[in-house]
Amino acid sequence: MKGKIILNILLPPISKLCLVKTFKIMPRSQNAHAIVNVGFMFDFEINSSIIKQVNIVYGGIATNFVHAQKTEDILVGKDLFTNEALEIALSTLSMELNPDESPPEPQAAFRKLLAIALYYKAVLYLCPENKINPTLKSGGKTLKRIRSKGSQVFDTDKSVWPLNKPVPKLEALAQCSGEASFSNDFPRQVDEVFASFVTADVNPGSILSDFDTTEAFKVPGVIAFYTAKDIPGENSFLPSNIPILSQNEEILCSKEVKFYGQPAGIIVADRQKTSYKAASLVKVHYVSINKNKPLLNIDDVLKSNEKENRVKTDHIVEPTDKGNEVKSVLYGNINFETQYHYYLEPQTCVVTPTEDGLAVYSSTQWLDVTNVAVAQCLNIPVNSINVIVRRVGGSYGGKITRSSQIACAAAIVSHLLGKTCRFVLSLKDNMKIVGKRIPTNCNFEVGIDNEGVIQYLKNKFYQDNGFSWNDTITFLTQNHFRSCYDTRRWYIEANSFITDTPSNTWCRAPGSTEGIAMIEYIMEQISHHTGKDPIDTRLLNMIKENNPIPELMEQLKVDSNYESRLADVKIFNKNNRWKKRAIKLMPMTYEIFYIGPYNAIVSIYHADGSVVIIHGGIEMGQGLNTKAAQVCAYILGIPLEKVSVKPSSSFTSPNVMTTGGSVGSECISFAVIKACEIILERLQPIKEKNKNASWNEIVQEAYLSGICLQASHTYSTSDPLAPYDIYGIVVLELELDILTGNHDILRVDLLEDTGRSLSPEIDIGQIEGAFVMGLGYWTSEKIVYDPATGRILTDRTWTYKPPGLKDIPADFRIYFRRNSNNKHGVLQSKATGEPALCLAAVVTHALREAIRSARLDAGYEDQWINLGHPCTVENIFMAIGHKLEHFKLT
């Protein structure tokens, strides 16, 4: 067949006496390889359910296992649709199936039991209805997904348009058509070069010696190789003179390896693929290789003799009250793992020489840290570096501090060679080198009365910073743990610790995601213990004064038909043994505080009255530019079409803070307002003299009168913007396939307090996107490390699964709080970029409730279920507690 093309394959028709069923169980709903896949073909005797011949083939079990031959043989002559034949087949399969352990694939014990359950599922599917208990029949079917749909309910005030007007993002068409430019779209330059990291793929704690580049330089096109010794200035991409940073991190490892895969050198070539290939050929030599197992999580650290140096207590909040009616004490340990940011644009930087320095086109959220880091690593003045950002292709916090390492590396190459350098991390290098969401471990003890009112609570939590203390978020976690509840009786101890992994970093809704998830977990466990409705438990423990949450909960219960759907869920579960549904409601109070500075420059062109905004924020898909333009048009009283927003740069916006924390759009909008007001004040005399003049005429007259048509303002934390709370409620309903661990989110109703939205369509997109990112964190996105070396095993799309098209809610309904405003915010608005992600934790409560229903049907005691996070197919399936004797036909 070599050199041939297969044009078609003819398969013989299957006999009418044959029944066939196949299954593919995946870590998400589609576009994923199988955890286990299986095909069954049963050939029956004429007019009978007696098996004449059977084929059972499996994938995902072991490299040398395909046919379940022993089970096939033993089934011949048996009646497929009897409990006796089923029992024999299941017990034979149990002996015959011996899956390999092959990390990062799910554990062998899970895959074995899943494979057995799929045989049972096939029999249920094929079994005639007169031979099966009706409550079991639905177990044979896979989850049927409806076509996704959504709705959005919000008010808009036409009297203030273009403010509060639902408009598409200004860049939407350009982005969808592929015309929008990103860092790597900088035009190709003559003689430009490409660079890649050479990484120290060795156990943390090993000591670097030198490098052998012989094989790499044999590859045509390889130009240069650099190490830490070649850096002209400081070997740090996080300078100590930048706010919120606590320690230096090396651009290139100079001696001790901090984590497996730490960048140690830079290889330069004339093509990107060449640089990738050459990087793999560089041999890294070591003075010594650490043979000890790396410390990868809190359990490793607490058991080690390095505990004292690796753990520190950041904050302690003492209670001011304690109840005297303690009737029960509950304990718990919760472990929230990490999450890769999964931006579509990888960490990218293009650096090109200019006549007086370098132009740095970086995919960064923070102009200033990139600007300073590049200048200091090259030992040249900061004013010779211009960091330019048109937009960033997704970031979610992953390009706040981490992107400057790539910018510094590209700048070193460009500076030393005098050529344009492109530095684009591959996905595998992104996932290996760059830190992720900060994992959290929580130990709690809570005393309650008979109604579930908290009498005291002790929460001691730990957060994994990776190998450095930078980007610590314990203060955020501590604050958001309080959410909407009365905290007077709570003791909170916030600890951070370091491990032998890449330095973890900000990830969308940092700290708030973990803090709110912890307290909502506790509320659910209290409710389970008392037998009370979880909504009632929450209400009993809430702040009573100035808290709109109870009112919003009632509103969403009505809008979502919560009570009637809850009754429907109970009926469904009663009638279905192997499919379960659950509906859960969860509240949230999310605290917003401002950071700065951020600047904005507003310029008006006298020829046609058009306006340009330049600001120090970063547009990264959140609609910052659109909101700034709408605010500008509103303040100046002109059509939105007259306003354009230009790229950000460190020359026009020096010393600015990172765009993050959901407040970038607000702070830039505030700066735009102030700049516009300065211009309007200058134009006022012209307006008074020409009361009927058009905007263009006023601008032209001002120009001829010598009035400056440009103004700027820099927002700082001393400006009159105060912290405020965002309120949100979510109701989620899902269906769980008990025999596979797959689930389908049937409907989500999400109510969020957006104040008076600056741009409703932008805010809708932010809320929906944040929630779905949260669903990924809580369900399908799992990072796995090799415990012996610390090497990341889930470093590509084959092994790491963010949500797909069919993992979003099938029916997704968004509601803005009615008649809302915000006296503390910008033009009465509230932030929307992150809070909804916190609400996604509701999916874990719904899954636990569905599992609980299945376990009760199986005869288990009604115990609290410790469902592992993320709630992967494996964790869900194993929490159900399947036994072979549970699988019956009648």
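This passage describes a sheet, a helix pair and the internal cavities of a predicted model.

Residues are numbered from 1 along each chain as its sequence is written, and side-chain values use heavy atoms, without hydrogens and water. In this predicted model, local features need pLDDT of at least 70 and side-chain atom pairs count only at pLDDT 80 or more, whereas totals for chains, interfaces and linings use all residues.

Four strands form an open sheet in the order β1-β2-β3-β4 with antiparallel pairing; strands are DSSP runs of E of at least two residues, helices are runs of H or I of at least four, and both are numbered from the N terminus, while pairing requires at least two DSSP bridges between two strands. The edge strands, each paired on one side only, are β1 (18-25) and β4 (65-67). Strand β3 (residues 51-62) pairs with β4 over two bridges in the antiparallel sense, and V57 stands opposite H67 in β4. Helix α3 (residues 108-126) packs on the sheet, touching β1, β2 (36-44) and β3 (contact: heavy atoms within 4.5 Å).

A second packing involves helix α12 (residues 474-481) and helix α13 (residues 512-530), whose axes lie 7 Å apart at an angle of about 35 degrees (axes are lines fitted to C-alpha atoms, for helices over the stretch in contact, and angles run from 0 to 180 degrees between N-to-C directions). From α12, T477, H480 and F481 meet residues of α13 including S512, E514 and I522.
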